[in-house]
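Ready for a bit of practice? Have a look at the structure below, then try the exercises before reading the solutions.

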Amino acid sequence: MTEHFKAFKKVDEIFELFFEKNKWRFSDMVARLGYPKATVHNILAAMTNLDYLARDGNNYMLGNRILQLSGLMRRNMEFREIALPHLEELRNRINETIHLTSLYRDQVIYIECLHPTHALRPHSTVGVTASLYCTGVGKALLAFQSDSYINGYLERVKLVKRTPNTITDPELLKKEIDTIRCNGYSYDRIEQEESIKCIAAPILDNHGVARYAVSIAGPADRMTDEAIEAYKEPFLKTMKILNDLYRDFAN
């Protein structure tokens, strides 16, 4: 068991306590967990600083970050149910992998993954996070955020080269974002993972901000330029339906 895993296990054990009651005194947590006081104190301090826990005197309770995450999960799952029949229809028509994703803390998180019928060993990406700057869904989400968010993102995140095609120059990424905003969709041209290409597009709220993104992804030998061009019409039709559904859902 690695040190990182041991540390995370202690955090998980602290979260487990709150299934029993809403507030815990420090001394009771130490007694229950069986770890040294200093260890428990350091973990609680970090969790409190990150707003995963809140402190009221000597009592600890779940913090606002948990509320934010639970709200995000609930909204994502509700919209997933609304979007799923249309995503399945698209998958059945083109028979390639379909992803539904959302933005989470400068990353893209995968909410749904529909596999093609010819997938021998389907690998689910649900719950997995990936970079915004080098994935089709990530760029679709990033392009339809505010300019201040994009500028802040470029200051916070190092653009690491994942493949020879990865955009690592912030100015070139800004030009790509301008193109995506103009077209309404984005591409992953083997930028995140070798031999994988995709087309992606955002689902926008009433203010034009991307809340979700959907992609068609597959191996480059199937996702040729000709294939992507053929998929574009049914894909964009589906995206129009999903955008309309999301605006109704959000209202």
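Here are three short exercises on this predicted model.

**Exercise 1. Work out how the strands of the open sheet are arranged, and which helix packs on it.**

Solution. Start with the order: 6 strands line up as β6-β5-β4-β9-β8-β7, with antiparallel pairing. Next, look at the edges: β6 (129-131) and β7 (186-189) each pair on one side only. On average, neighbouring strands are turned by 30° against each other, direction ignored. Then add the helix: α8 packs on the sheet and touches β7, β8 (196-204) and β9 (210-219). The direction of α8 makes about 25° with that of β8. Now zoom in on one pair: 7 bridges join β4 (residues 97-104) to β5 (residues 107-114). Within β5, L114 is the bridge partner of I98.

**Exercise 2. Find T238 and decide: is it buried or exposed?**

Solution. First, place T238: it sits in helix α8, which covers residues 225-250. Its relative accessible area is 10%, and buried means under 20%, so T238 is buried. Now check its surroundings. A polar atom of the T238 side chain lies 3.0 Å from the backbone oxygen of P234. Leaving out residues up to four places away in sequence, T238 touches H86 and L90.

**Exercise 3. How many disulfides are there?**

Solution. A pair of cysteine sulfurs has to be within 2.5 Å to count, and the total comes to 0 disulfides. Take C134: the nearest cysteine sulfur, that of C198, is 11 Å away. For C182, the nearest is also that of C198, at 19 Å. As for accessibility, C134 is buried at 0%, while C182 is exposed at 66%.

Notes: Residues are numbered from 1 along each chain as its sequence is written. This is a predicted model: local features need pLDDT of at least 70, side-chain atom pairs count only at pLDDT 80 or more; totals for chains, interfaces and linings use all residues. Side-chain values use heavy atoms; hydrogens and water are left out. Helices (H or I, at least four residues) and strands (E, at least two) are DSSP runs, numbered from the N terminus. Buried means under 20% relative accessible area, exposed over 50%, partly exposed in between (1.4 Å probe, protein chains only). A polar contact is a pair of N or O atoms within 3.5 Å; within protein, one must be able to donate a hydrogen and the other to accept it, and residues adjacent in sequence count only if both atoms are side-chain atoms. Contact means heavy atoms within 4.5 Å. Two strands pair if DSSP finds at least two bridges between them. Axes are lines fitted to C-alpha atoms, for helices over the stretch in contact, and angles run from 0 to 180 degrees between N-to-C directions.
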